[in-house]
Amino acid sequence: QICNQHNAEAPNLEQAFHRMAQTEPNLDHDVSWFLLPSYWAKMVVALISFLCFANSYDGDFVFDDSEAIINNKDLRAETPLGDLWHHDFWGSKLSSNTSHKSYRPLTVLTFRINYLFAGGFYPVGFHVINIILHCTISVLMVDVFSILLGGLQFSNKGRRLNLAPKTSLLAALLFAVHPVHTECVAGIVGRADLLCALFFLLSFLGYCKAFRENKEGHNFSIFWVLVSVILGAIAMLCKEQGITILGLNAVFDALVINKLNVLELIQKLLHKDKSLENVGLLRKGLLFRITLLMSGGASILYIRWRIMGTGPPAFTEVDNPASFADSLFVRAINYNYYYSLNAWLLLCPWWLCFDWSMGCVPLIKSVSDWRIIALAALWFCLIGLICQALCSEDSHKRRILTLGLGFLIIPFLPASNLFFRVGFVIAERVIYLPSIGYCILFTYGFSLLSKQAKKKKILAVAVLGILLINVMRCALRSSQWRSEEQLFRSALSVCPLNAKVHYNVGKNLADKGNQSAAIKYYREAVRLNPKYVHAMNNLGNILKERNELQEAEELLSLAVQIQPDFAAAWMNLGIVQNSLRRFEEAEQSYWTAIKHRKKYPDCYYNLGRLYADLNRHIDALNAWRNATVLKPEHSLAWNNMIILLDNTGNLAQAEAVGREALELIPNDHSLMFSLANVLGKSQKYKESEALFLKAIKANPNAASYHGNLAVLYHRWGNLDLAKKHYEVSLKLDPMAPGTKENYSLLRRKLEQLQKKGG
């Protein structure tokens with residue numbers, strides 16, 4: 001069928017292509033699998049990849065999405081676009097000591113476009129783009145796997161031939177439905193890995209196009225090589241792993257285009273053989289192309305280094321405990337154990353977790369630890385595959401195994417801790433690209449088994465069963481990523497020793513108002529990690545609200561002792577000390593918090609409350625003014641300023657502050673209420689009435705709003721309306737302070753008027 005599509009005007013060339021396809025062992029020959037035209041194969045892959053993750057489309061912003069999207073100022077229209085090139089993925093300046101140095105400006109740009117088109121933080125648009133990206137990548141994988149498994153050959157018209165249509169479809173399906181990809185697709189932050197993978201694959205396919213006119217490796221297009229380098233740079237601007245495609249392109253060039261035999265090359269180098277050109281290393285163009293790739297990669301890395309600076313990212317021991325171990329032996333053993341766990345997630349992606357840090361994977365500290373078996377199994381398999389890739393007499397096997405290992409290992413290197421410390425133990429998102437290598441090796445293994453098996457259809461049914469199980473697992477895992485509650489609770493059975501899992505479950509419960517249950521999980525987080533200052537801070541906050549001040553103070557004091565620059569804990573400690581009427585200590589705690597976080601409006605607000613309690617009115621007003629300067633929409637600070645000025649008889653100043661506040665926050669009903677009170681006292685009844693009515697329209701169930709409006713009408717002499725609003729206020733809150741007395745006075749007055757009228 002392939003020959004029938006060839007150009008009849010070049011029969012000799014077509015015959016040569018046909019001979020090449022026949023002499024190269026064909027993986028599809030012994031495989032019992034679906035044979036579909038290329039278009040239909042891609043449609044099937046797209047449909048199935050969509051079905052796997054479709055139920056995540058209406059999920060919430062979960063876990064890291066809050067920091068990377070909701071709290072990231074780089075998404076807002078008021079942030080200049082140029083800032084994206086100087087900030088990290090989380091919106092912090094790259095030059096900051098607290099920056100993680102994750103430089104992904106193009107990913108952040110797509111988030112910004114999502115935000116602008118949606119008109120706000122609506123997660124549906126973000127999720128839909130992620131699903132579309134994964135479907136697109138899965139479709140591209142059909143072409144990529146056809147090259148990696150079947151080789152790179154073109155017709156005389158420049159059309160690439162697919163010599164492995166069945167196995168490339170199988171490998172693409174394996175990739176599309178792998179459950180380990182759920183974090184990248186269902187978690188919006190995974191957009192970085194998806195965009196990186198997209199341009200990674202486009203770079204590879206672009207590099208392959210450079211050999212469309214190739215004959216025996218001599219002719220190639222410099223243009224497409226350069227396009228490949230540019231696409232690799234774009235991939236890196238989406239996520240750091242993208243740069244590895246340049247290395248993989250070089251490996252592909254050597255093995256597939258130049259048919260280099262690595263073992264033969266090593267032997268000739270060791271024996272200083274002068275016939276190296278026969279091996280293919282010096283074949284025309286190879287060294288030049290590799291030089292282009294290396295030069296491009298070095299330039300990209302240099303530019304990135306210049307932008308991000310020389311400082312390493314700031315990680316803590318709980319993020320990656322093995323990297324902080326003093327012993328080189330302990331570090332090496334645990335790194336290798338982490339590799340084996342990543343390999344297991346590819347082989348059996350059943351136990352998935354949103355976070356693997358904080359005790360989820362305890363350190364191996366001795367060779368007597370039974371988990372050493374996992375390391376031995378990993379290296380036994382890797383060494384066996386490497387030996388086959390190097391020493392097999394079958395050039396086809398050498399090529400596929402080397403490419404499979406290359407795509408498995410090389411994209412994983414940035415996450416391996418070999419070159420620099422990373423901020424995680426295991427991250428499912430970083431094996432999105434390495435899973436390409438896994439799919440190659442799995443498919444090749446399936447073809448070898450099919451060759452030996454007598455009942456090939458049973459083997460095909462078994463593989464089809466694996467695909468169906470993976471589809472169901474993807475759908476289940478996607479549903480868990482739809483909300484934080486489901487996501488965090490799903491991790492309890494996978495990583496019960498992970499303090500962060502318990503912390504996040506507790507935080508989610510606290511946000512929903514279930515403080516009693518939240519306390520249980522926060523206590524467990526602190527038990528598992530006695531230095532977990534964030535859990536101590538949140539637990540201390542809840543205990544403070546429950547008036548359990550003594551324990552709250554102990555927890556918060558311990559938190560700032562462990563982490564002296566923890567500004568939030570210092571502020572909360574100040575609030576507790578204020579409640580305990582230890583005012584000097586509270587003031588000191590507030591100022592310590594401000595020392596460690598210069599722009600801390602909430603701390604200035606609480607400091608103002610302390611000064612108000614001490615009747616230090618000028619200091620209180622100054623503190624609240626600082627809060628509003630740092631955060632102009634700080635409604636509580638504005639309100640307290642108005643109320644303090646009102647209570648101290650500074651009605652003109654209170655009115656000026658109230659008007660200033662309403663200009664900044666025009667729809668805040670509490671500010672309308674406070675200013676209406678001031679205007680009423682200043683006998684500006686009409687304006688006061690308008691503000692009261694506006695506040696009531698915004699919040700009709702506030703008893704105090706109706707009560708104070710009734711007082712205004714009472715003063716104004718509009719007694720019927722006063723009576724009406726007193727009654728509404730008492731209906732909403734029968735115990736409203738002062739309202740009963742005022743209502744009684746009004747009724748007596750109305751009775752007196754009736755008697756006079758009678």
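**Notes on a predicted model**

1. Isoleucine 129 is found in helix H5, and since this is a predicted model, what follows should be read as a description of a prediction. The residue is partly exposed, with a relative accessible area of 33%. Leaving aside the neighbours within four places in sequence, isoleucine 129 is in contact with Asn114 and Arg191. Glycine 190 stands 61 residues from isoleucine 129 in sequence, and the two C-alpha atoms are 11 Å apart in space.

2. Helix H5, which spans residues 123–150, also carries aspartate 143. The side chain of this aspartate meets that of arginine 160 in a salt bridge, with 3.0 Å from N to O. Arginine 160 lies in the loop between H5 and helix H6 (165–176), 17 residues away from its partner, and the pair is described as linking distant parts of the chain. The two partners are covered to unlike degrees: aspartate 143 counts as buried at 16% relative accessibility, whereas arginine 160 is partly exposed, with a relative accessible area of 23%.

3. How many salt bridges does the count come to? The count comes to 27, and a general remark may help in reading that number: side chains of opposite charge can pair when their charged atoms come close. One of these salt bridges joins the side chains of arginine 289 and aspartate 253, at 2.5 Å from N to O. Here the link runs between helix H13 (residues 286–308), which holds arginine 289, and helix H10 (residues 244–257), which holds aspartate 253, and the two residues are 36 apart in sequence. Are these two partners buried or exposed? Arginine 289 counts as buried at 0% relative accessibility, and aspartate 253 is likewise buried, with a relative accessible area of 0%.

4. A salt bridge within a single helix is worth setting beside these. The side chains of glutamate 689 and lysine 686 meet at 3.9 Å, N to O. Because the two residues are three places apart in helix H31 (residues 685–698), about one helical turn separates them. Glutamate 689 counts as buried at 14% relative accessibility, while lysine 686 is exposed, with a relative accessible area of 60%. Salt bridges can also be joined into a network, and in this model Glu655, Arg659, Lys684 and Glu687 are linked in that way.

5. The cysteines deserve a point of their own. A disulfide is a covalent bond between the sulfur atoms of two cysteines. The structure holds one disulfide, and this bond joins cysteine 360 to cysteine 495, with 1.7 Å from S to S. Cysteine 360 lies in the loop between helix H14 (328–347) and helix H15 (372–391), and cysteine 495 lies in the loop between helix H19 (484–492) and helix H20 (499–511), so the bonded pair ties together parts that are 135 residues apart in sequence. Cysteine 360 is buried, with a relative accessible area of 13%, and cysteine 495 counts as buried at 1% relative accessibility.

6. Why is cysteine 196 not bonded to cysteine 238? The closest cysteine sulfur to that of cysteine 196 is the one in cysteine 238, but the distance is 6.8 Å, which is too far for a bond; the cut-off used for a disulfide is a pair of sulfur atoms within 2.5 Å. Cysteine 196 counts as buried at 1% relative accessibility, and cysteine 603 counts as buried at 0%.

7. On the surface, a nonpolar patch is formed by Phe34, Leu36, Tyr39, Trp40, Met43, Leu464 and Leu468, which together have about 720 Å² of accessible area. Helix H2 (38–53) and helix H18 (456–480) are the elements that give two or more residues to the patch, and H2 gives the most, with three residues. Phenylalanine 34 has its place in the loop between helix H1 (11–23) and H2, and this residue is partly exposed, with a relative accessible area of 45%.

8. A last point concerns domains. The domain assignment of the protein chain gives domain 1 as residues 204–311 and domain 2 as residues 321–452. Their C-alpha centres lie 24 Å apart, and the two domains touch through 12 residues of domain 1 that are in contact with 15 residues of domain 2.

How values were computed:
Residues numbered from 1 in each chain as written. Predicted model: local features only at pLDDT ≥ 70, side-chain atom pairs only at ≥ 80, totals over all residues. Heavy atoms only, no water. Patch = residues over 30% accessible without salt bridge, like charges linked within 9 Å, V, L, I, M, F, W, Y side chains within 5 Å. Areas by Shrake-Rupley, 256 points an atom, 1.4 Å probe, with all protein chains shown as cover. Salt bridge = Lys/Arg side-chain N within 4 Å of Asp/Glu carboxyl O. Helix = DSSP H or I, 4+ residues; strand = E, 2+ residues; numbered from the N terminus. Buried < 20%, exposed > 50% of the residue type's maximum accessible area, 1.4 Å probe, protein only. Domains from an automatic or database assignment. Contact = heavy atoms within 4.5 Å.
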